[in-house]
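Subject: Handing over a structure, with notes

Dear colleague,

I am passing this structure on to you, and below it you will find my notes on what turned up. Please read them with the structure open beside you.

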Amino acid sequence: QVQLVESGGGLVQAGGSLRLPCAASGSIFSINAMGWYRQASGKQRELVATITSSGSTNYADSVKGRFTISRANAKNTVYLQMNSLKPEDTAVYYCNADLYGLDIRRGNYWGQGTQVTVSS
C-alpha cells in the first residue's frame, strides 16, 4: 500500500506565503514524477506544478513566478512553496505521485487534499 499525506494548508491573507509538504510512504520501489493539483469549489481539478525524479519542473501559467515545486528524493517528499498568494489560489490542493511499487507495478496515487484559503 502507498499513502500520500499532505499538510501545510490554511488561511492566509493575499500576498502571503504557504509551504505545502507531501510525503509518500508504504510499499514504494521508486517514484517518477510528483506533482500538485488543485480544485476550487465548483471547478475541475487542475495542474499546478510537477517535478520529475531528475528535477525537471512544469508549472501552470497562473502560478509561474510565484510558486516553486521541489522534492527530497531520499524522503519521498515533494514541496510546494507558494508566494504572493491571491484569492483565486483558494482551493483544495492535492498531491500526486507516479511511482513503482515493490511489486514493480506502476501506479498513480493521490493524497487526501489540504485546503488553502486566501483572503482579500
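Glu46 forms a salt bridge with Arg38, and the closest N and O atoms of the two are 2.7 Å apart. Please keep in mind throughout that this is a predicted model. The two partners differ in their surroundings, because Glu46, at 38% relative accessibility, counts as partly exposed, while Arg38, at 6%, counts as buried.

Arg38 has a further partner, since its side chain also meets that of Asp89 in a salt bridge, at 2.9 Å from N to O. Arg38 belongs to strand 4 (residues 28–39) and Asp89 to the loop between strand 8 and strand 9, so this pair ties together parts that lie 51 residues apart in sequence. Both Arg38 and Asp89 are buried.

A search of the whole structure finds 5 salt bridges. Another of them joins Asp98 to Arg106, with the closest N and O atoms 2.7 Å apart. Here Asp98 is buried, with a relative accessible area of 14%, whereas Arg106 is exposed, with a relative accessible area of 56%. Through salt bridges that share partners, Arg38, Glu46, Arg66 and Asp89 are joined into one network.

What, then, is the nearest side chain of opposite charge to Arg71, which is buried yet has no salt bridge? It is Asp98, and that side chain is 8.7 Å away from Arg71. The side chain of Arg71 does have polar atoms beside the backbone: one lies 2.6 Å from the backbone oxygen of Asn32, and the backbone oxygen of Ile51 lies 3.3 Å from a polar atom of that side chain. Leaving aside residues up to four places away in sequence, Arg71 touches a number of others, among them Ile31, Met34, Thr52 and Tyr79.

Arg71 lies in strand 7 (residues 67–72), where it stands opposite Val78 in strand 8. Strand 7 and strand 8 pair in the antiparallel sense over 6 bridges, and they form a hairpin with 4 residues between them, in whose turn Asn76 has a positive phi of about 50°. Strand 8 also pairs with strand 3 (residues 18–26), again in the antiparallel sense and over 6 bridges, and in that pairing Leu20 stands opposite Leu80. Of the 6 residues of strand 8 (residues 77–82), 5 are buried, so this strand is largely enclosed by the rest of the structure.

Leu20 is also one of the residues touched by Thr114, together with others that include Glu6, Ala91 and Tyr93. Thr114 lies in strand 11 (residues 114–119) and counts as buried, because its relative accessibility is 10%. A polar atom of the Thr114 side chain lies 3.3 Å from the backbone nitrogen of Gly9.

As for the chain as a whole, it has 0 helices and 11 strands. Its C-alpha trace spans about 50 × 25 × 20 Å along the principal axes, and its radius of gyration of 14 Å agrees with the value near 14 Å that a compact globule of 120 residues would have. Buried residues make up 41% of the 120 residues. Among contacts between residues at least 6 apart in sequence, 55% join residues at least 24 apart.

With best wishes

Conventions:
Residues numbered from 1 in each chain as written. Predicted model: local features only at pLDDT ≥ 70, side-chain atom pairs only at ≥ 80, totals over all residues. Heavy atoms only, no water. Helix = DSSP H or I, 4+ residues; strand = E, 2+ residues; numbered from the N terminus. Buried < 20%, exposed > 50% of the residue type's maximum accessible area, 1.4 Å probe, protein only. Lys, Arg positive; Asp, Glu negative; His and termini not counted. Salt bridge = Lys/Arg side-chain N within 4 Å of Asp/Glu carboxyl O. Polar contact = N/O pair within 3.5 Å; in protein donor to acceptor, adjacent residues only side chain to side chain. Contact = heavy atoms within 4.5 Å. Pairing = 2+ DSSP bridges. Rg over C-alpha atoms; globule rule 2.2 N^0.38 Å.
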